[in-house]
Number of protein chains: 2
Amino acid sequence: MRITVHDIARVANVSQATVSKVLNNYSGVKESTRKKVSEAIEELKFTPDSVARSMVTNKTNTLGLIVGDISNPFFAESAKIIIGKAQEQGYDVIISNTDHDDENLENAIQTLISKRVDGIIISSISRTSIRIKKLHDAGFPVVLYNSRVESDSSNSVVLDNYKGAVLAVDHLVELGHESIAFIAGPTKYLTTYERYAGYEAALKNRGLVLNKEHVYDGEYDYEKVYDFSYNLLSDPDRPTSFFATSDQMALAVMDAAASRNIKIPDELSVVGFDNMNISANQYIGLTTISQQKENMAELALKKLINLIVKKDPHPVSAELTLEPELIVRKTTSTPNKIILERRGYNGT
Amino acid sequence: MRITVHDIARVANVSQATVSKVLNNYSGVKESTRKKVSEAIEELKFTPDSVARSMVTNKTNTLGLIVGDISNPFFAESAKIIIGKAQEQGYDVIISNTDHDDENLENAIQTLISKRVDGIIISSISRTSIRIKKLHDAGFPVVLYNSRVESDSSNSVVLDNYKGAVLAVDHLVELGHESIAFIAGPTKYLTTYERYAGYEAALKNRGLVLNKEHVYDGEYDYEKVYDFSYNLLSDPDRPTSFFATSDQMALAVMDAAASRNIKIPDELSVVGFDNMNISANQYIGLTTISQQKENMAELALKKLINLIVKKDPHPVSAELTLEPELIVRKTTSTPNKIILERRGYNGT
DNA sequence: CTGAAAGCGCTTACAG
DNA sequence: CTGAAAGCGCTTACAG
């Protein structure tokens, strides 16, 4: 049924070996035979079988991309860039979605490896994972995207998350906010962990106290964050601002505020983290910390490809850290004086 | 280096064939030898090579998913569902992003097939494409997701797009709008083509005239739609409402309106199409037509799997059509009387 | 410049 | 219940 190099060889009256040589554009094939073979390929509409080729070359030209949640636009947008760049280099990408579950992650790695992908980009991995070290030590190409692990041996590209959080908090404080709730997300990730540290430090540095009841450190779950925010916003003594560790979570906060009919930014300021495309939409206009995802995604892919083709056997800096940037839009402003006074504050 | 069935066979003192049998859980293996083999597998931490297995079984357990733009949340959310359901059934999925370009699409199909994926779901394909018919006739499992092709032979699951558009227009008309701009998108897709037809018919049916200058039928490009809307909104005689053929495009319209400081819905009504997750966010509250993506995605995957395992050799209905549903939220309202009067309308 | 042969790591009849 | 052998469709030394 399927047509193979053998068929081409027969039709072109050459050996399989020569067919293979023209298929791979090797030099050292007489022009006339190359032509014969090409014509046979054309005639039989032959396309070589990648699986068979992978079997012998030990390359599949496919990459794995493991994300916590592909429906989070930050990941979808990152994926788009990674897929695009990968395609340019001749790689396809298998996407695994873990729903932020460690067991799913482990399974994903397992099957990707058994499918012999040439390398993996992982974007949501617990900071205590030792899996990465094993892969790294085994020489398997892995790079962490917007993730890092505490055991040192790994290649990663991340933002300076600590600094990013400080930027966000400072912005709010400078606007006059003294009560800043925090959607921290799960601290099992080093990124969120460091943002939490940044939040804590910035508060302390500004002489503000951290109110644990104003911090959500549960899982990444839209509904749960919505509920947390919704409840917190019923408090007469509610925070005047929220800092969320992702734009997606910031949107959940805004969703909750809207359903309580609380106006943003007049009655509540919100800052996110990621700068996903939609945040720039002027109808939404979310103030946020840019993750530089174009850069980050491109660097991660480049790093991975280098690892694969071994151009970069001893990468100078295994860990790349990008600079965060505060992008002020329209979800933040000075806290509403009237509300504050009603609550007994006396301005600043 | 790599450890193989051969190694296991040696350690367990059996043949490769029996190793294979326990690997595949075949019956007819003595319990004691099964145990010996299992222990050897355990001991050497062996995981079978999927590539080699695919070579002989003619199955890769991987699917292809081709989308026009994975960064459009509608596609990302659909992908999440498809990937999740696929994983449940033991399939991984390679995602190809075409940027709505026909040549990219063709290349994607090509490489997916040479990688021997077991089946493909295509979500953005030109209605005049003859590629699908060829694949279909060759017996290759393909299902179209939210897409259909004019040549009949294909498996697809789509919404009744014509009716969806009628629903959207009727809603606006019933609210009192007489001037409804339309972001149609490229009419090369049957979905958008049919929505255009629905828009046209509904207008006619309501005795309204279609103003070609109020219709955007260019490519899916956020910037271009933004510009189109921005320009149209400068017109003193501008439309009082927009119907967009996707939520993503509706967002672009809202973006443009916001930058012109035009209030939604007071001064402009907007209805989208898709009902992506974020549209339900109450801060955004986009009125839209639901595509039932959960249903659609699940059905598409099920259809594909059936095609693959041939449980469904003669699918009763090759084309599945779902019912659209209007979801009214807060981006639509009656047209602002003051504005209308200022423009010389005299109410209704 | 060309081809015969071996091999990648599995599974599948088939014989015993 | 078990194993020897062939084969999936390529590529890669190697010999000529």
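**Exercise 1.** How many nonpolar, polar and charged residues does the surface near DNA strand C have?

*Solution.* The model is predicted. Step one is to collect the residues around the strand: 29 residues surround DNA strand C, and the closest are Thr33(A), Val5(B), Ser20(B), Tyr26(B) and Arg53(B). Step two is to sort the surface by class, which gives 14 nonpolar, nine polar and six charged residues.

**Exercise 2.** Find which helices supply at least two residues each of the surface near DNA strand C, and name the element with the largest share.

*Solution.* In chain A, helix H2 (16-23) and helix H4 (50-57) each supply at least two residues, and so do helix H2 (16-23) and helix H4 (50-57) in chain B. The largest share, five residues, comes from H4(B).

**Exercise 3.** List polar contacts to phosphate oxygens of DNA strand C, with distances.

*Solution.* Start with chain A. Ser15(A) places a backbone N or O atom 3.0 Å from a phosphate oxygen. Thr33(A) has a side-chain N or O atom 3.0 Å from a phosphate oxygen. Then take chain B, where a polar side-chain atom of Arg53(B) lies 2.8 Å from a phosphate oxygen.

**Exercise 4.** Work out the strand order of the four-stranded open sheet in chain B, then place helices H8 and H9 on the sheet.

*Solution.* The order is S7-S6-S8-S9, with parallel pairing. The edge strands are S7 (215-216) and S9 (269-271) of chain B, each paired on one side only. S6 (180-183) and S8 (241-244) of chain B pair over four bridges. Helix H8 (161-175) of chain B packs on the sheet and touches S6, S8 and S9, at about 170 degrees to S8(B). Helix H9 (190-205) of chain B lies across S6, S7 and S8, at about 170 degrees to S6(B).

Conventions
Residues numbered from 1 in each chain as written. Chains lettered and ligands numbered in written order. Predicted model: local features only at pLDDT ≥ 70, side-chain atom pairs only at ≥ 80, totals over all residues. Heavy atoms only, no water. Near = heavy atom within 4 Å. Polar contact = N/O pair within 3.5 Å; in protein donor to acceptor, adjacent residues only side chain to side chain. Nonpolar A, V, L, I, M, F, W, Y, C, P; charged D, E, K, R; others polar. Pairing = 2+ DSSP bridges. Contact = heavy atoms within 4.5 Å. Axes fitted to C-alpha atoms, helices over the stretch in contact; angles between N-to-C directions.
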